[in-house]
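Visitor: I'd like to go through this model with someone who has the geometry to hand. Could we take it piece by piece?

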Amino acid sequence: MPDTAIARQAELRRTFAIISHPDAGKTTITEKLLLFGNAIQLAGSVKSKRAERHATSDWMKMEQERGISVTTSVMQFPYNGRIVNLLDTPGHEDFSEDTYRTLTAVDSALMVIDGAKGVEDRTIKLMDVCRLRTTPILTFINKMDRDIRDPIEVMDEVETVLNIQCAPMTWPIGMGRHFKGVYHLYNDVIHLYTQGQGSRIPDDKRIEGLDNPEVDEVLGADQAEELRMEVELVRGASHEFDLEAYRRGELTPVYFGTAMGNFGVREMLDGFVEYAPAPQPRETDTRTVSADDARFTGFVFKIQANMDPKHRDRVAFLRVCSGKYDKNMKMRHVRIGKDVKIADALTFMASDRAQVEEAWPGDIIGLHNHGTIQIGDTFTLGEDMRFTGIPHFAPELFKRVQLKDPLKMKALQKGLQQLSEEGATQVFMPLDNNDLIVGAVGSLQFDVVAHRLKEEYKVDCVYQAINVQTARWIYCDDAKMLDEFKRKASANLALDGGGYLTYIAPTRVNLQMTQERWPDIRFAATREH
Ligand code: GDP
C-alpha cells in the first residue's frame, strides 16, 4: 500500500557511502560535506575529535585504530531541501565484510579518486562490490590543487579499469599552482577557486558563460583560449550525462575539485542531491518492498559493540526500507518471532547521537542491542519476511584462542560472541571439545580481536595455529539425515556465534570429499540469516 506522506519523505532522502582508496581524501571530503550540511561548524573536527579522544582513553585509541567513531558511523544532514544520509565505511587496512555490508544499505556511492594516483586497488575492489547490486556511482576527482595527471587520462583509466563510462559534469581549469577553478559543462558557468577557504564555505565566485569577456580578463587571454579549446575537445570526446545510464550503474558523472581547498565540492553535492536515487525497492524472501509502502520495514546491516564506553552498549544499525519509525512503536523481530517496543532508537543527525522521534525510508536508526539482534535481521510490523542479500562470508583464516587466565572463560566466550556479532570475525565452538576458534577474512582482524578482548572485556589471550582451512554453514531440510550427519561428522562440526551449525574443514580436499558423501546436505560459503 503506497502512502503519499511516506513517498514524499522517501523522495527527499539520499543514502550513500564513499568508496575510495586510503589517502584519496574520504575523511576530508566527509568534513566538507558536513560543513555544507551545517552539521559541524569547523571543518577538521572529524579528525581532531578522533585525536582528542585518542588522548583520553585506551578504548578510544582502539577506536581510532579501527578508524570507527560514533559520530562518523552514520551522518545525517540537510542540503538543498533534501536529507542526506552518509554511511561511513570502516577504515581498516583489510578489506572487510563490514564495508561490504554497509554498501548493501545504501542507494548510491560517491567514488573519490586521488587525481595524482588515479584508480587504486581498494577502489577496484569496492567497485566490484557496488556492481553486485548495480549501485549508481558519482565520481569526485580530488586534489586538483596539486599537479595531478592529465584529467583526460584519469577519466580514461576510470573507464578502462573500472569499466564504467565517464561523463564529466565540471571541467578543471588548470591544476596545482595554476588551478583556477572549474567550468560547469551543463550550466555554462565558471566557478573560480580561491585558496585558503578550506575551513569555511567558500564564496561562489562565478562567471556566467564560457564566451564571456570576463573569462579573458580573469584567466588571461591564453588560459581562456586554452580552456575554450579543451572544453570543445572534451565535449566531443566524452560521454554525455545520461541519468538513466547513471542509475543503471553504466555511467558515472565526474566532478573535479579539491576537498582540502573545499572547492568543487558544492557543485558535486548539488549534482548528487539532484541525480542520486532516492530509497530504492528492496528484495525479501516473499516480496519486493517499495520505499513508499506504508508498512514499516528495515534490516540490520551493522552491529558495533561498546560504542559508548560509559554505557557499554551495543548498537545495531537498521536501515529503514519502508514506512515510518515512530518513537515507542512496536516492531516484529522476525527471526525470533517476537514483538519488541523500541522507545530509545538513536539517530545520527548532526554530529551527535540523539533520540529519534521518527525516521523514514533511507534513514538509519540505532537500536540498543542486548544480544538478541544479529546482522541481517529483519524488522517489520508483524509480517513474516526477511530481507535478502546481507550475507556473512565464510572466514579464510582460523586460530585457536587460548586464555592466559583459565578462570576468565566466561568473559572470553562473551567477548568473542559479542565481537562476532559485529561480523568482522566469527567464533566457532566445536561440538566435541571446548576449543574456541576465531575465524576471519583478513589477518588484521585477529589483532583487533585480541586488543579489544583485553580493552573491553579484560581478557588476555593468545592464539595458536589450528588445522582448519575453511568453513561451511550446514543446511538440510531432512531432519533425519541431518541427525545422521551430525553423528558421523561431529569431529568437524561446530556452532558459530549465532548458534548455526558449521562444518570446519581441515583441508579443501576433506571438504570436497565430505560434500561428495553427503550430496543432499548444503555446504554454504555464506550465511544469510
Ligand atoms: P582518507 O584516507 O581517504 O580518509 O584521506 P584523508 O582525507 O585523510 O586525506 C589524506 C591526505 O590527503 C591528508 O593529508 C589530506 O590533508 C590530503 N588531502 C585531502 N584532500 C586533499 C586535496 O584536495 N588536496 C591536497 N593537496 N591534499 C588533500
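Visitor: At roughly what angle do the axes of helix 2 and helix 12 cross?
Guide: Bear in mind that this is a predicted model. Helix 2 covers residues 26-36 and helix 12 covers residues 265-275. Their axes come within 11 Å, and the crossing angle is roughly 70 degrees.

Visitor: How does that make helix 2 lie relative to helix 12?
Guide: The axes cross at roughly 70 degrees. Angles of 65 to 115 degrees count as roughly perpendicular, so helix 2 is, relative to helix 12, roughly perpendicular.

Visitor: Which residues of helix 12 meet helix 2?
Guide: From helix 2, the contact takes in Ile-29, Lys-32, Leu-33 and Phe-36. Sorted by class, the residues of this helix 2 and helix 12 contact come out as 6 nonpolar, no polar and 2 charged. On the helix 12 side, the partners are Val-265, Arg-266, Met-268 and Leu-269.

Visitor: Let's turn to enclosed space. Which helix gives the largest share of the lining of the second largest cavity?
Guide: The structure has 8 cavities of 30 Å³ or more, and the second largest has a volume of about 90 Å³. It is lined by 16 residues, with Pro-202, Asp-203, Asn-262, Phe-263 and Arg-266 closest to its centre. Strand 9 (189-192) and helix 12 each put at least two residues into that lining. The largest share, 3 residues, is from helix 12.

Visitor: And how many residues in the lining of that second largest cavity are charged?
Guide: By class, the lining has 6 nonpolar and 5 polar residues. The count of charged residues there is 5.

Visitor: Now the open space: why does the second largest pocket lie between two domains, and which ones?
Guide: This pocket holds about 340 Å³ of space. Its lining has 19 residues, and those nearest the centre are Val-106, Arg-133, Gln-280, Pro-281 and Arg-282; by class the lining splits into 7 nonpolar, 7 polar and 5 charged. Two domains both give residues to this lining, so the pocket lies between them: domain 1 (17-49 + 106-275) and domain 2 (282-380).

Visitor: What distance separates the centres of domain 2 and domain 3?
Guide: The domain assignment puts domain 2 at 282-380 and domain 3 at 394-528. Their contact takes 12 residues from domain 2 and 12 residues from domain 3. Taken over C-alpha atoms, the separation of the two centres is 28 Å.

Notes:
Residues numbered from 1 in each chain as written. Predicted model: local features only at pLDDT ≥ 70, side-chain atom pairs only at ≥ 80, totals over all residues. Heavy atoms only, no water. 1 Å grid on protein atoms, 1.4 Å probe; cavity = no way out; pocket = protein on both sides within 12 Å on 5 of 7 lines; lining within 4 Å. Points joined across faces, edges and corners; volume = space filled by probe spheres on them. Nonpolar A, V, L, I, M, F, W, Y, C, P; charged D, E, K, R; others polar. Domains from an automatic or database assignment. Axes fitted to C-alpha atoms, helices over the stretch in contact; angles between N-to-C directions. Helix = DSSP H or I, 4+ residues; strand = E, 2+ residues; numbered from the N terminus. Parallel < 35°, antiparallel > 145°, perpendicular 65-115°, else oblique. Contact = heavy atoms within 4.5 Å.
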